[in-house]
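Work through these exercises on charged side-chain pairs. Each task is followed by a stepwise solution.

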Amino acid sequence: MPSLTQLPHHKVKIKAAGQRACNEKNDKGKFCGGHLKRWFYVADVVEQACGDAEKAWGPDAEVYRCEHCKTLYLPHPEELTVNVAGQGQLSVFGLTVPAKE
């Protein structure tokens, strides 16, 4: 797990468990609400110019970026699998189908 270090050209946060939307507040105090998408910073032309993320975390770290405000999010330490949409929740309706015999 990469350590939380602020980069010179990026704001860096850690995702909450199951978080899929940005919780960064703007100057008026309103939440951004942009979707967090997996960011492959090595292939990003703009990021190649500054190279902050690759210097800090190496070439293939799991990093998410807000589609609106471009805040970077590192994965939650307790989420073990890479899943952009999050783990989801178990059904509260009990719609488990029994196995066929």
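**Exercise 1.** Is Lys37 buried, partly exposed or exposed?

*Solution.* The model is predicted. Buried means under 20% relative accessible area, and exposed means over 50%. Lys37 has 44% relative accessibility. Lys37 therefore counts as partly exposed.

**Exercise 2.** Find the salt-bridge partner of Lys37, and place both residues in the chain.

*Solution.* Step one: the side chain of Lys37 meets that of Glu67 in a salt bridge, at 3.3 Å from N to O. Step two: Lys37 sits in strand S2, and Glu67 in the loop between strand S3 (64-66) and strand S4 (72-74). The pair links distant parts of the chain, 30 residues apart. Step three: Glu67 is partly exposed, at 30% relative accessibility.

**Exercise 3.** Which residues are linked with Glu24 in a network of salt bridges?

*Solution.* Start with Lys11. Its closest N and O atoms to Glu24 are 3.7 Å apart, and the cut-off is 4 Å, so the pair is a salt bridge. Lys11 lies before strand S1 (12-14) and Glu24 in the loop between S1 and strand S2 (36-38), so parts 13 residues apart in sequence are tied together.

Next, take Lys13. Glu24 forms a salt bridge with Lys13 too, with the closest N and O atoms 3.1 Å apart. Lys13 belongs to strand S1, so this pair ties together parts 11 residues apart.

Now check exposure. Lys11 is partly exposed at 42%. Glu24 is buried at 16%. Lys13 is buried as well.

Result: Lys11, Lys13 and Glu24 form a network of salt bridges.

**Exercise 4.** How many salt bridges does the model hold?

*Solution.* Apply the 4 Å cut-off. The count comes to four.

Methods:
Residues numbered from 1 in each chain as written. Predicted model: local features only at pLDDT ≥ 70, side-chain atom pairs only at ≥ 80, totals over all residues. Heavy atoms only, no water. Helix = DSSP H or I, 4+ residues; strand = E, 2+ residues; numbered from the N terminus. Buried < 20%, exposed > 50% of the residue type's maximum accessible area, 1.4 Å probe, protein only.
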